[in-house]
Amino acid sequence: MIRRTGELYGALGWRSLALIGAIALAVSMLLVISRPIVMLVDGERIDTDVSPITTASQHAYVPLRSVADALGAETEVDSKTQSIYVVLGSQSLHVRVGDTHATVNGMPITLRHAPFRVRGHVMISLDAIARALRVRARYDSRTSRIEVITPGIGEASSAPNTPAE
């Protein structure tokens with residue numbers, strides 16, 4: 001009787017091992033197929049503690065401070081009110097975590113999606129960055145790439161080099 005119990009557990013062990021192996025293989029295949037999102041600001045790769053987030057409906061959310069810093073903007077955070085102020089040249093943006101109401105240059109606007117936190121970082125939609133700071137921003141799901149380009153700066157650095165005559 002003890003022997004049968006041991007054989008039963010031994011058979012289940014092999015089945016479990018095969019199942020775990022199949023699951024591990026499937027997960028590793030998914031990791032190989034999926035590519036991390038690369039974020040470029042004016043042609044420079046930006047590495048952040050929190051990766052950009054994308055949805056099936058092609059919306060992209062980026063860490064606000066990382067993008068603002070890469071653009072050369074000044075950022076202030078008021079932890080009491082969960083407010084973030086970003087100033088880039090003559091453009092200013094004021095947002096609050098969890099609130100779709102924001103201001104651009106002191107004028108009220110409504111964001112499609114409220115900023116939210118991921119591991120302590122405020123995430124904001126890519127289209128809100130483009131609209132508020134007057135930069136070109138796009139997400140290409142085919143290449144898993146987010147690009148933010150300052151007009152006149154990023155365009156010049158991405159233009160092909162042509163010899164001077």
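**Note on the predicted model: an aromatic pair, its sheet and a buried serine**

1. The count for this structure comes to 1 aromatic pair. The partners are Tyr61 and Phe116, set edge-to-face, with 5.4 Å from centre to centre and 65° between the planes. Tyr61 belongs to strand 4 (residues 60–63) and Phe116 to strand 10 (residues 116–118), so the pair ties together parts that are 55 residues apart in sequence. The model is a predicted one, and the values here should be read with that in mind.

2. The two rings do not fall in one burial class. Tyr61 has 8% relative accessibility and counts as buried, because the cut-off for that class is under 20%. Phe116, with a relative accessible area of 27%, is partly exposed.

3. Next, the sheet around the pair. An open sheet is formed by 4 strands in the order 3-4-11-10, with antiparallel pairing. Strand 3 (53–54) and strand 10 are the edge strands, and each pairs on one side only. Phe116 is thus placed in an edge strand, since strand 10 is where Phe116 lies.

4. Strand 10 and strand 11 (residues 121–125) run antiparallel and are joined by 3 bridges. Across this pairing, Phe116 stands opposite Met123 of strand 11. Two helices pack on the sheet. Helix 2 (residues 64–71) touches strand 4 and strand 11, and its direction makes about 70° with that of strand 4. Helix 3 (residues 126–133) also touches strand 4 and strand 11; its direction makes about 80° with that of strand 11.

5. How much of helix 3 is covered? Helix 3 is mostly covered, with 6 of its 8 residues buried. These buried residues are Leu126, Ala128, Ile129, Ala130, Ala132 and Leu133. Arg134, just after helix 3, takes a positive phi of about 55°.

6. Val118 is another residue of strand 10. Setting aside residues up to four places away in sequence, Val118 touches Val50, Ile53 and Met123. Met123 is also the residue that stands opposite Phe116. From Val118 to Asp49 the C-alpha to C-alpha distance is 10.0 Å, with their positions 69 residues apart in sequence.

7. A separate point concerns Ser83, which lies in strand 6 (residues 83–88). Is Ser83 buried or exposed? Ser83 is buried, at a relative accessible area of 2%. Its side chain makes a polar contact with the side chain of Thr81 at 2.9 Å. The side chain of Ser83 makes another polar contact, with the side chain of His94, at 3.4 Å; this value is within the 3.5 Å cut-off for such contacts. Leaving out residues up to four places away in sequence, Ser83 touches Glu76, Val77, Asp78, His94, Val95 and Arg96. His94 therefore appears both as a polar partner and in the list of residues touched.

8. Totals for the chain are as follows. The protein chain has 4 helices and 13 strands. Its 165 residues include 31% that count as buried. Of the contacts between residues at least 6 apart in sequence, 40% join residues at least 24 apart. The protein chain exposes about 11100 Å², and carbon and sulfur atoms supply 57% of that area.

Terms used. Residues are numbered from 1 along each chain as its sequence is written. Side-chain values use heavy atoms; hydrogens and water are left out. Buried means under 20% relative accessible area, exposed over 50%, partly exposed in between (1.4 Å probe, protein chains only). A polar contact is a pair of N or O atoms within 3.5 Å; within protein, one must be able to donate a hydrogen and the other to accept it, and residues adjacent in sequence count only if both atoms are side-chain atoms. Contact means heavy atoms within 4.5 Å. Rings of Phe, Tyr and Trp (its six-membered ring) pair if their centres lie within 6.5 Å; planes under 30 degrees apart count as stacked, over 60 as edge-to-face and the rest as tilted. Two strands pair if DSSP finds at least two bridges between them. Axes are lines fitted to C-alpha atoms, for helices over the stretch in contact, and angles run from 0 to 180 degrees between N-to-C directions. Accessible areas come from the Shrake-Rupley method with a 1.4 Å probe; for residues, only the protein chains shown count as cover.
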